[in-house]
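Me: I am new to this structure. Could you teach me how to read it?

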Amino acid sequence: MSGKIIDGKELAAQLRSEIADGVSRLKEEKGIVPGLAVILVGDNPASVSYVTAKEKASQEAGMYSKEIRLPESTTEQELVSLVKELNSDPLIHGILVQLPVPKHISDKAVINAIAPEKDVDGFTPVNVGKMLIGEECFLPCTPHGIIKLIEFSGMDIRGKHAVVIGRSNIVGKPVAVLLSRKETNATVTLCHTGTKDISKFTKEADIIIVAAGRPMTLTGDMIKEGAVVIDVGVNRVPCPETTRGYKLVGDADFESCSKVASAITPVPGGVGPLTITMLLFNTLESAKRAAR
Ligand code: NAP
């Protein structure tokens, strides 16, 4: 069999249209325009393309986008002060600091400076803790988008066995938490570099989320017929045939996995569009809360 492709762009377009409607309603009814501040320190090419995409998407949704580009030499103190200013700016409902920040800046110090009520990335300890105990909070964007993609694939998550490969704070761990909540009710196995035989677990899984940051972490022989595969990885591999000299691939071997899976996300065009969409979703939510 050949699995269907879970089209992240299509789902993102549907959700973004609903978000844009929500933005218009908030403007009409309360006179509030959701505002997103995106801060980039330095000029890492991947980060530049991520923040450009986020700014463009927020403008397309009708939001106010405040773009702040700072030089690599920015100090931690300067960055933290800027975040604190934005915390008290009434036009801003969401603050995003593009990671990674340069090595001389502590990402923890910067994230901790963001007011939890404007933490639309869902990275502050307050929001992470609330997610863990099931209180209202901003869910982290990539894990939230992954749940939306699984639902969009047609798979009912409840009662299924989900295997997550990778335990980072921004993808693996939070997606494992979201999948095991009462609403989704999956049984979750979390694999990492200390797992002895990952294929033993993936072969039993109904849903596999691979977020390892390494191409070919998941291959077709590691999955059972009909599984749903969500490939989070974004890896640049050399490709002299392209003008840029590289191409983007995921962590799963698309060719072999798509022959066995019932559905699979492509890279690019799978998880990425949802990450940005859930950022817009959180920014709108934040503006709605400010309007209450
Ligand atoms: P990360 O912080 O580097 O974490 C990778 C995790 O995978 C670690 O827990 C690591 O285990 C585990 N791992 C690495 N190699 C493994 C292997 N061979 N077998 C089992 N586990 C392995 O990465 P991340 O931030 O979670 O990101 C993962 C990937 O997703 C990256 O390619 C990133 O670019 C991509 N990403 C995409 C989006 C998007 O919107 N599309 C968003 C976020 C991230 P240890 O803990 O034992 O080291």
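Reply: Let us go from the whole chain to one helix and one residue. This is a predicted model, where local features need pLDDT of at least 70, side-chain atom pairs count only at pLDDT 80 or more, and totals for chains, interfaces and linings use all residues. Residues are numbered from 1 along each chain as its sequence is written, and side-chain values use heavy atoms, leaving out hydrogens and water.

Me: How many helices and strands does the protein chain have?

Reply: Helices (H or I, at least four residues) and strands (E, at least two) are DSSP runs, numbered from the N terminus. Here the protein chain has 10 helices and 11 strands.

Me: What share of the residues is buried?

Reply: Buried means under 20% relative accessible area, exposed over 50%, and partly exposed in between (1.4 Å probe, protein chains only). In the protein chain, 52% of the 292 residues are buried.

Me: What span should helix α10 have?

Reply: The expected span is 1.5 Å times one less than the number of residues. For the 21 residues of α10 (residues 271-291) that gives 30 Å, and the end C-alpha atoms are 31 Å apart, which agrees. Of those 21 residues 16 are buried, so α10 is largely enclosed by the rest of the structure.

Me: Which residues does Lys4 touch?

Reply: Contact means heavy atoms within 4.5 Å. Not counting residues up to four places away in sequence, Lys4 touches Phe152, Ser153, Ser262, Ala263 and Ile264. Lys4 lies in strand β1 (residues 4-5) and is partly exposed, with a relative accessible area of 43%. Ser262 is 258 residues from Lys4 along the chain, yet their C-alpha atoms are separated by 6.2 Å.
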